[in-house]
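Trainee: I should like to examine how the descriptive terms for this structure are justified. May we take them in turn?

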Amino acid sequence: MTRLGEWLAESRNGVFFGGAGVSTDSGIPDFRSAAGLYTKNGGDSPEYLLSTECLHEEPEKFYQLYKTELVHPQAQPNAAHHHINTLIEAGHLTSVVTQNIDGLHQAAGTQQVFELHGSAWRNHCVGSEHHPATLEQVMAQPGVPHCPQCGAMVRPDVVLYGEGLDMDVLNGAVNALANADLVIVGGTSLNVYPAAGLLQYYSGDRLVLINAEPTGWDQAANLVIHGRLGETLGAVIEEMGL
Ligand code: CNA
């Protein structure tokens, strides 16, 4: 058996920690690989275009990028989301900590998901009443969406550059990582903080990194696999007979 297969088979409390690379096979581009967002948008940086400053000062610009590049309501979970859910159902992993905002782990059946950066599927207006809005309502209006009830701009419940993480989500993720007997990190360049820094709460010796490219955390991991997530997890699940 491979080392990953052995560790997963022994794990009862594992956590999967992921990023945009988990969803690339669903047709959602990530930020930092060759075809990602960071190689496009010549002028403004993605950090500015996805910041709270841009949302409030140039909402048209924000929504232009957000609606065309970041949000893909038709996307379906891919093999990686399904394999992770299989490992949860088999009792080897307990939860997912994700930087993604696409809701695809839940679409694959996973219930315990700590969405560090929120979800595109939840939205509210910036008026004093914070009326909720659906993603459908956001996407149906051209350009900047407005609240049908009060007319204020609608914004997604996602954590933009310049904003802090939700404390309940953060505490849940920290707790899961601190109690984990194995952590599999997959499909993330681990460049975005504070999310990447949460890995420091895992104090065990089974930190596994699965990523298409090297990351700055490769030296800190106990096992590094440079490969595609769907295929790597598919092979290990087969090996485990799941
Ligand atoms: P990133 O910085 O773009 O890194 C993604 C990493 O995944 C890269 O190192 C790729 O090499 C790797 N990768 C891509 N596809 C695969 C694959 N199939 N198998 C294995 N590795 C792969 O993205 P991060 O998540 O690290 O950055 C954090 C940002 C990106 C968060 O704030 C996210 O909200 C944001 N984001 C989210 C989505 C989404 O919700 N699907 C999409 C794009 C960006």
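Trainee: How many helices and strands are there in the protein?

Mentor: The protein has nine helices and nine strands; helices (H or I, at least four residues) and strands (E, at least two) are DSSP runs, numbered from the N terminus. This is a predicted model, in which local features need pLDDT of at least 70 and side-chain atom pairs count only at pLDDT 80 or more, while totals for chains, interfaces and linings use all residues. Residues are numbered from 1 along each chain as its sequence is written.

Trainee: What makes the radius of gyration agree with that of a compact globule?

Mentor: The rule for a globule is 2.2 Å times the number of residues to the power 0.38, and the radius is taken over C-alpha atoms. For 242 residues the expected value is near 18 Å, and the protein has 18 Å, so the two agree.

Trainee: How is the packing of H5 and H9 described, and which hand has their crossing?

Mentor: Helix H5 (residues 79-89) and helix H9 (residues 229-239) pack at about 35 degrees with axes 8 Å apart; axes are lines fitted to C-alpha atoms, for helices over the stretch in contact, and angles run from 0 to 180 degrees between N-to-C directions. The crossing of H5 and H9 is left-handed, that is, the near helix is turned anticlockwise from the far one by less than a right angle.

Trainee: Which residues surround the ligand most closely?

Mentor: The closest of the 27 surrounding residues are Gly19, Gly21, Asp30, Phe31 and Asn100, where near means a C-beta atom, placed from the backbone, within 6 Å.

Trainee: What share of the protein counts as buried?

Mentor: Of its 242 residues, 40% count as buried, having 20 or more other C-beta atoms within 10 Å of their own, with C-beta atoms placed from the backbone.

Methods
Buried ≥ 20, exposed ≤ 12 C-beta atoms within 10 Å, placed from the backbone.
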